[in-house]
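Here is a guided walk through a protein model, taken one piece at a time. Keep the structure open beside you and follow along as we go.

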Amino acid sequence: MSEPPWHSTTGIAHMLLDVTEQWRPQTYYAFDLTTPDRPPLEGSQVFDAVVVGAGFAGISAALEFASSGMTVVVLEREHVAAGASGRNGGILLLSEGTHLADAEEVSAVDKALGATARELVELAEKHLIDIDLRRGTIRLAITGRQARALAATASSSGASGGARFLNREELREHIRSARYTGGLYERDNITLNPHKLLEGLASLAEERGAVVAESSEVTGVEPSAGGGVIVRTRDGEVRAQRLVVAAGTGTGSLLPSHRKLLVTAYSQIAVTEPIDEQLLDSVLPSWAATSEIATFSRYFRRLPDNRLLFGIGTLFDSIAGPGLEQRIRSELRDTFPELGDVPFQSAWEGDIASTVEETPLLDRVAPSAVLTSSNGVLASWNAGRIAARSTDPAYAAYDSLRTNKHTEWPLMGLPEQLLKTGAKALFRIRDRL
Ligand SMILES: Cc1cc2nc3c(=O)[nH]c(=O)nc-3n(C[C@H](O)[C@H](O)[C@H](O)COP(=O)(O)OP(=O)(O)OC[C@H]3O[C@@H](n4cnc5c(N)ncnc54)[C@H](O)[C@@H]3O)c2cc1C
């Protein structure tokens, strides 16, 4: 993709009204990206495997199928990385176990994420994918309780390599915002351009024989007489023995049986125009990416050309549309008053499909068909590969995943709106404690 005609620095003008008549802002990551032409699926075709969705999970599954010598087609509603995978903060945390209570589980999850990060970095290096890789992140505490929790994490045996607590003064060497009481520096976490990475990985899957069909929304999935599946799009259909559904927030409409296992959460990002270097250095001298340890968390990092990427989270609420930039700007101004007026180059929203527990969802929906959805780039890449392997009904490791229980949403069958309002109020209180 070359620079699109709607690129402008003035808010609404760089929003694109797409064919579905929804506002779809262009992301910073996509501006200077060149992508191949990937025609839609047409007619009736036969493959060994079919994957729905070209995010990290879907491309990972496709690469797995192709690398094992199977023919595979990925059917993608829009384009590679159109979903959360091309719209995220690009901050890859290798120690995500914070959600889990069990120490053994935490260590297993963290090891798997570490291995996945190494694999992705190696693939990018070997195949010359330019991902703007950087190392080091800081988790940020707003309250005294959060700072104590980070200090405890730094001194615990399960702390990731190079983890170091920063008190308020030490933190000021990296970030100058009155909002923060402390931080946890983690040397091994990485940041990168997620869209460029995924585009490179999709090309790698294609080199190994995978077909990626864009503008190919899947409208129906049904079992076929021979034991496999028939997957239909508007202009074609695929017959295959194996199926992986990796459709993110599109999963529910495709597989209504699993709708209650995923909740949609929203996060928004703005990228500024280049900022005067002295001004940026005066508030954010560090290249370490940051994220607050709160439910309604803010995250930010420096980008090349002295730009700033600044993200926020609104949990259940989409704020897509003209108010998006204003909302991000008000949170930016609250964090860094000095940067409150810098123009935005781009601003966008993304949606995330998550289980209530925030653990990966892997479920067999037919003997050789598996659904996967995870929260996070590393977890999604990992789970995509496991999903592809699990389409072999004999894949033994799959059975251990079945013990991963998920709570149905809305909890206890309560009215969803009421539950969302209550949960938001509770999380807001917890964020301030
Ligand atoms: C704003 C934002 C910030 C984030 N920040 C981070 C971060 O810093 N670090 C991190 O690790 N994670 C982050 N995440 C989460 C991470 O991006 C996701 O968890 C991950 O990318 C999910 O990958 P996926 O492949 O499962 O889903 P997706 O990337 O959403 O892919 C699903 C694909 O399926 C397609 N699709 C849907 N329905 C159909 C259909 N019927 N037919 C065909 N195709 C269909 C969609 O178009 C989409 O391309 C963030 C997410 C967002 C939105």
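In which order do the six strands of the open sheet with β10 and β20 stand? The order is β10-β5-β4-β14-β21-β20, and the pairing in this open sheet is mixed. Two strands stand at the edges, β10 (211–213) and β20 (361–366); each has a single partner strand, so one side of each is left without a neighbour in the sheet. From one strand to the next, the twist averages 20 degrees. Before going further, please keep in mind that this is a predicted model.

Let us look inside that sheet. Strand β4 (residues 49–52) pairs with strand β5 (residues 72–75) in the parallel sense, and four bridges connect them. If you would like a spot to centre your view on, take Ala49, which stands opposite Val72 in β5. In a regular strand, side chains alternate between the two faces of the sheet. A helix belongs in this picture too: α1 lies across β4, β5, β14 (242–245) and β21 (369–373). Its direction relative to β5 is about 170 degrees.

Now for a second sheet. This one is also open, with four strands in the order β3-β13-β12-β11 and mixed pairing. Its edge strands are β3 (43–46) and β11 (218–223), each of which pairs on one side only. On average, and with direction ignored, neighbouring strands here are turned by 15 degrees against each other.

The mixed pairing can be followed strand by strand. At one edge, β3 and strand β13 (residues 236–240) pair in the parallel sense over four bridges, and Gln45 stands opposite Val238 in β13. At the other edge, β11 and strand β12 (residues 229–233) run antiparallel and are joined by five bridges. Here Val221 stands opposite Val231 in β12. β11 and β12 also form a hairpin, with five residues between them. In the turn of this hairpin you will find Gly227, whose phi is positive at about 100 degrees.

With the sheets in view, let us turn to the ligand. Which residues are closest to the ligand? They are Gly55, Gly83, Gly248, Gly250 and Gly350, out of 40 residues that surround it. Several elements give two or more residues to this shell: α1 (56–67), β6 (91–92), β15 (263–272), β19 (344–354) and α9 (377–390). So α1, the helix that lies across β4 and β5, also takes part in the surroundings of the ligand, because α1 is one of the elements giving two or more residues to the shell. By character, the shell residues divide into 16 nonpolar, 18 polar and six charged. Domain 1 (35–133 + 192–261 + 356–402) and domain 3 (263–354) each supply at least three residues to the shell.It helps to step back to the whole protein for a moment. The secondary structure comes to 11 helices and 21 strands. Of the 433 residues, 45% count as buried. Among contacts with a separation of 6 or more, 72% are between residues 24 or more positions apart.

One residue to inspect up close is Leu171, found in helix α4 (residues 168–171). Is Leu171 buried or exposed? Leu171 is buried, because 24 other C-beta atoms lie within 10 Å and 20 or more is the cut-off for that class. Leaving aside neighbours within four places in sequence, Leu171 is in contact with Leu166, Tyr180, Gly182 and Gly183. The C-alpha atoms of Leu171 and Tyr185 are separated by 9.1 Å, with the two residues 14 apart along the chain.

Finally, here are some backbone details in the loops. Ser215 has a positive phi of about 50 degrees although it is not a glycine. You will find Ser215 in the loop between β10 and β11. Ser215 counts as partly exposed, with 17 C-beta neighbours inside 10 Å. Asn306 is another residue other than glycine with a positive phi, near 55 degrees. Asn306 is in the loop between β17 (299–303) and β18 (307–315), and with 17 other C-beta atoms within 10 Å, Asn306 is partly exposed. Your last stop is the peptide bond that joins Trp409 and Pro410: this bond is cis, with omega about 0 degrees. Pro410 is found in the loop between α10 (397–401) and α11 (416–432).

How values were computed
Residues numbered from 1 in each chain as written. Predicted model: local features only at pLDDT ≥ 70, side-chain atom pairs only at ≥ 80, totals over all residues. Near = placed C-beta within 6 Å. Nonpolar A, V, L, I, M, F, W, Y, C, P; charged D, E, K, R; others polar. Domains from an automatic or database assignment. Buried ≥ 20, exposed ≤ 12 C-beta atoms within 10 Å, placed from the backbone. Contact = placed C-beta atoms within 7 Å. Pairing = 2+ DSSP bridges. Axes fitted to C-alpha atoms, helices over the stretch in contact; angles between N-to-C directions.
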